[in-house]
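User: Please take a close look at the surroundings of the ligand in this model. I would also like to know how the cysteines are placed.

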Amino acid sequence: MILYSTRDKNSCLDALLAVVSGISPEGGLFVPKTFPKLTQDEILNYCNLTYPQLCALVLNKFFDELSIDELNDITAAAYKKFDTNEVAPLHKLTDSEYVLELIHGPTIAFKDMALQVLPRLLLIAKDKKNIDEITLVLVATSGDTGKAALDGFADVPNTKIVVFYPNDGVSEFQKLQMVTQEGKNTFTASVKGNFDDAQTGVKNIFANKDFEALLKSKNIKLSSANSINFGRLAPQVAYYISAYVNLVKYGAINIGEKINFTVPTGNFGNILAAYYAKKMGLPINKLICASNRNNVLTDFFSTGKYSANREFFKTISPSMDILISSNLERLLFEILDQDCEETQMLILNLKNNGEYELGKDKQEVLKQDFFALFASEEETNSAIKSTFEKYGYLIDPHTAVAQFVYEEYIKKTNDKTVNVVVSTASPYKFCSDVLNALNLPVSSDIFECAERLNNYTKAKIPECVMDLKGKKIIHTDNLEKQQMLEYIESIIK
Ligand SMILES: *Cc1c(COP(=O)(O)O)cnc(C)c1O
């Protein structure tokens, strides 16, 4: 299908080329003009499919230039590395509360759901469009995207990947995952500053015309693996549909019955995919947007005013420590009835003044689909503890933010609709914080922490955790913000 830029009606590309480009030349994000439809019969048919088969059919709605066979090959390969055939299983807490586990991929965070697919989409897109350039993938990460992108792109032909992460903004485990990454085409360095510094650095490199000319002379083209790439959004739509299909299969809901999703949110990519699924026809009542102490989205949904002019907090859910949620632009575009000029005006305001505000009528439109709350650090900790005590179920701090917010939502609304909390990382990715929340002693050795957590909770340790133990540290660079470009230049020399 053809995708359009959120900032310029005349800038459009087919979906495969949009994956290669990442972002539209004037800075807009690629979006569908009309959403493909999902019928009730299709949902029923999906009940008989494996996850990769279901995902291929969903992808085909966006990437209709690819055959079902080609997409089946892509999704079968992408989800082979997951530690369960179900890929995205549902865990039942009560008759009306489920957890969608997106934590079974090679890096034990939900980013794998899309980042195992994206490199394969990119390869087939370049092949179909006869593009012979080398792709240089640049990533700024708050922790999980970096490792998932490195794993997805490692040893992909004609591709190099460079990941920048904030020096002290990621967990020790996340850092170890990245600095031990193998593969001749993978590079990663820490940057002094927070995530927004790393992301701004990457954005500046994308906008640097001299650098672009240098790359062109070497037949290299920049691309992005951040969630602004449409190739990440499309595979995420599939797991919302799969969750619904599973609830029907288990008899937890009747076909056509609406459900809620509660999503721990940072850059707004994950929850946006749920919104797209709703637009396609998946029966969804409310999307509950859960934030941590960096509650810029909570304020946005309750007041219509988005303001990044506020203090930045480091929390125990670091992948949600974000003040500028890039994918919100795609929601704005829809709320503003796909008006590019208006969308661009708001984004320009954000860029120049750090804020923008929606009109009253548009605020009401948002409230039809969304509900937003946040969890403080104490509330996040207490949700980890109470969920384990109540259900014997161990969750990570990001998932705990969502679990807390969902429980608050029930108190405020008494809405009995079946809810699915989206689980975005394994608790073993954040062992010391989880031990802390359970009032257990923390060791300075992260592997000892993992074993301690396992002893106490009996939650299975994912294989990749202990695999890290003997791995060689390969990437050691620590950069000033101004050195990011130099670092890339040394790689492409
Ligand atoms: C990336 C991430 C999030 C936030 O997802 P967005 O798509 O950026 O909103 C939440 N939890 C974890 C564990 C993540 O890695």
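Analyst: The shell around the ligand is made up of five nonpolar, eight polar and two charged residues. In this division Ala, Val, Leu, Ile, Met, Phe, Trp, Tyr, Cys and Pro count as nonpolar, Asp, Glu, Lys and Arg as charged, and the others, Gly among them, as polar. The model is predicted, so local features need pLDDT of at least 70 and side-chain atom pairs pLDDT 80 or more, while totals for chains, interfaces and linings use all residues. Residues are numbered from 1 along each chain as its sequence is written, and side-chain values use heavy atoms, with hydrogens and water left out.

Of the 15 residues around the ligand (a heavy atom within 4 Å of it), those that come nearest are Lys111, Asp144, Gly266, Asn267 and Asn270. Polar contacts are pairs of N or O atoms within 3.5 Å; within protein, one must be able to donate a hydrogen and the other to accept it, and residues adjacent in sequence count only if both atoms are side-chain atoms. Asp144 places a polar side-chain atom 2.5 Å from a ligand oxygen atom. Asn267 instead uses a backbone N or O atom, 2.7 Å from an oxygen atom of the ligand, and a polar backbone atom of Phe268 lies 3.0 Å from a ligand oxygen atom. The protein covers 97% of the 380 Å² of accessible area that the ligand has on its own (Shrake-Rupley method, 1.4 Å probe; for residues, only the protein chains shown count as cover).

As for the cysteines, there are zero disulfides, a disulfide being a pair of cysteine sulfur atoms within 2.5 Å. Cys12 cannot be paired because its closest cysteine sulfur, in Cys340, is 11 Å away, too far for a bond. For Cys55, also in no disulfide, the nearest cysteine sulfur is that of Cys47, at 16 Å.
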